[in-house]
Amino acid sequence: MENSQIATVFAEIADILEILGEQDNAFRIRSYRNAARTIDALPDRLADLVAGGKDPADLPGIGTSLAGKIHEILRTGTCGKLKELRRQLPGHLPELLQVKGIGPQTCKRLHDKLGIKSLKDLKGAAERGKISAILGEKAQQSILKGLATLEAVSGRISIEKATVAVAALGRHLQAIATIRRWEAAGSCRRRCETIGDLDILVDASDRAKAANDILHYAPIERILARGDEKVSVVLAGGLQVDFRFVKPDAYGAALMYFTGSKAHNIRLRKRAQAAGFKLSEYGLFKGEKRVASRSEKDIHKALTLPWIPPELREDRGEVDAAAAGQLPALIERKDLRGDLHTHTNATDGASTIEQMVAAARERGYQYLAITDHSKSVTVAHGLDEKALRKHVGRIRKAGEGLKRFWLLAGVEVDILRDGRLDIDTALLADLDWVVGSVHSVFEMPEDKMTERLLRAVESGVLDCIGHPFSRLLGQRGPLRFDVDRVFKACAQAGVCLEINAQPDRLDLPDVYCKRARQMGVTLVISSDSHKATGLDLIDYGVGVARRGWLEKKDVLNTRSAAEFRRYKKVSR
DNA sequence: GCCGTTTTCGGCCCGACTGTTTTCAGTCG
């Protein structure tokens, strides 16, 4: 039983209670939502904690009643309260809340007046024009648009696409004379895996003029809202962008507020409140008096906290850690000394060995591992033993003449369905760096997948597991295996876990970085680049590592070539 | 339904935008 499954039960209870709409329930509903959020953000599996004797009521926002329900959910997979509520509200009404503009009240009216029970019903009613009689013509249009958005993208884009969109938008904003300063906040600044919409902070000397100029940005397809404080638009392709106008003397407060996350903001506001302050996007107030607002640092300082890096702001213990002076010194891109997972034109890459080396040296690296695919990955023209031997010869030759640069001859070897590797072990033992990855048979019972990975880890020839969950964001879910057993085996065998920086992978995910570190596993951040310029994608991996609380010392490829050689000598 | 270094009762994060029961409820972030 995963945390998200437990959280979903509580979230659905909250949704149904809200649709049923009994007024005195408002704060009970909030309790269910708080509990769902708390459980979702836990770094460890609640099921394991409870099995280990932990009382769920020790968690913040969870008391005896919810603790009882947690035990019930762990035992039966659901809870009686939810079943009873579902009887009171037949159909799939909570799914209507996914449509932007529909909240619990509207949901209830749609059900009571039109008998709507599901998204499908809603779409039918909207298309036949039945909604306007109840909610008005504008609401009907808004619902149709909301449904289209929901179907089109299911919302989110990769951090890479968002970063590119911000850069393009930035060129437009830069040229507007009335804009003094601007910055992307929100999930983009926190470097989340995927981005729902962009929040852009704008400090302008003349808001009306600035808004007018902003709206001339060619990719804007539709204007959603236009007020004194904010302008919301949708770009071609469906990305929503909210521009927030802020005063320079409240810039820090606004930046903090719009960076989020929501859960982090709530945590911080409660801390402010407990100290007799009020915190909003306009500043930190004591009564009517504003005591801090210009910069984030000012506000953190007034709350007796050090500045908290945006990547940590997820309400995963960062506020308490800050208060205790125990924030990690997060790893930075400039700490990296090499890249340990790259491809060349020998398989599915586009660049030669020499081009990859040149690109690595340009980036100040001291070492680079070439790790092309092995024979099972036929679509990538993977190498068999004979081809690999030849390729390794070429890599070693290319490395011979290099001064102060270590070119490692490696491979990304396939972990077959039974856990064997698809290249002869003797050959693997001769290589400088061996990444083992799963590229096929992703669906397997959890215990079989665990055995598969354990066998690979314990083979004695692997240096690292590549993209350990083999997920593709928005396309393929993560491998299911016993995370604790596999991580523990990695720690014991001295096998690293990779943070693969490809934007559609970002694998290990951030919360598992934290867990792996706690269990004593060494981590590696790799670009998995298929061309020379692709080495820069490693930045997205650094973002994941930072979100996973990692420091320089936790990541192997922050070590100098000399230190890395010493590590290699003792590891296998 | 949860919680407590003023409290076991009486609170619970804060503000903007939209549409229109035109004074505020509903929704969003």
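The legends below describe close-up views of a predicted model of chain A.

**View 1. Overall fold of chain A, a chain of 572 residues.** In this predicted model, the secondary structure of chain A comes to 24 helices and 17 strands. The C-alpha trace spans about 75 × 60 × 55 Å along its principal axes. A compact globule with 572 residues would have a radius of gyration near 25 Å, and the 26 Å of chain A therefore agrees with that expectation.

**View 2. The open sheet of seven strands, with parallel pairing.** The strands follow the order E11-E12-E13-E14-E15-E16-E17. Strand E11 (338-339) and strand E17 (523-526) stand at the edges, and because each has a single partner strand, one side of each is left without a neighbour in the sheet. Helix H18, which covers residues 385-400, packs on this sheet and touches strand E12 (367-373) as well as E13, its direction making about 160 degrees with that of E13.

**View 3. Pairing of strands E13 and E14 within the seven-stranded sheet.** Strand E13 (residues 406-414) and strand E14 (residues 433-437) run parallel and are joined by five bridges. Asp414 can be used to find the place, since this residue stands opposite Ser437 in E14.

**View 4. The open sheet of five strands, with mixed pairing.** Here the order of the strands is E2-E4-E7-E6-E5. Strand E2 (179-184) and strand E5 (220-226) are the edge strands, each pairing on one side only. From one strand to the next, the twist averages 25 degrees. Helix H10 (residues 159-174) packs on the sheet, where it touches E2, strand E4 (197-204) and E7, and its direction makes about 175 degrees with that of E2. Helix H13 also lies across E2, E4 and E7, running at about 175 degrees to E4.

**View 5. The antiparallel pair formed by strands E6 and E7.** Five bridges link strand E6 (residues 230-235) with strand E7 (residues 240-245), which pair in the antiparallel sense. Within this pair, Val231 stands opposite Phe243 in E7.

**View 6. Two hairpins, one joining E8 to E9 and the other made of E9 and E10.** E8 and strand E9 (residues 283-286) pair in the antiparallel sense over three bridges, and the hairpin that joins them passes through two residues. Leu279 has Leu284 in E9 as its bridge partner. E9 also pairs with strand E10 (residues 289-292), again in the antiparallel sense and over three bridges, with Lys289 in E10 as the bridge partner of Lys286. Two residues lie between the strands in the hairpin of E9 and E10, and in this hairpin Gly287 takes a positive phi near 60 degrees.

**View 7. The largest cavity, with about 70 Å³ of space.** Rolling a probe the size of a water molecule over the atoms shows where empty space is left. The count comes to three cavities of 30 Å³ or more. The largest cavity is lined by Ala253, Met256, Tyr257, Asn265, Leu268, Arg269, Leu279, Ser280 and Ile299. Helix H13 (251-259), helix H14 (262-274) and strand E8 (278-280) are the elements that give two or more residues to this lining. By character, the lining residues divide into six nonpolar, two polar and one charged. Leu279, which belongs to this lining, is also the residue whose bridge partner in E9 is Leu284, while helix H13, a contributor to the lining, also lies across E2, E4 and E7 of the five-stranded sheet.

Definitions and conventions:
Residues numbered from 1 in each chain as written. Chains lettered and ligands numbered in written order. Predicted model: local features only at pLDDT ≥ 70, side-chain atom pairs only at ≥ 80, totals over all residues. Heavy atoms only, no water. Pairing = 2+ DSSP bridges. Helix = DSSP H or I, 4+ residues; strand = E, 2+ residues; numbered from the N terminus. Contact = heavy atoms within 4.5 Å. Axes fitted to C-alpha atoms, helices over the stretch in contact; angles between N-to-C directions. 1 Å grid on protein atoms, 1.4 Å probe; cavity = no way out; pocket = protein on both sides within 12 Å on 5 of 7 lines; lining within 4 Å. Points joined across faces, edges and corners; volume = space filled by probe spheres on them. Nonpolar A, V, L, I, M, F, W, Y, C, P; charged D, E, K, R; others polar. Rg over C-alpha atoms; globule rule 2.2 N^0.38 Å.
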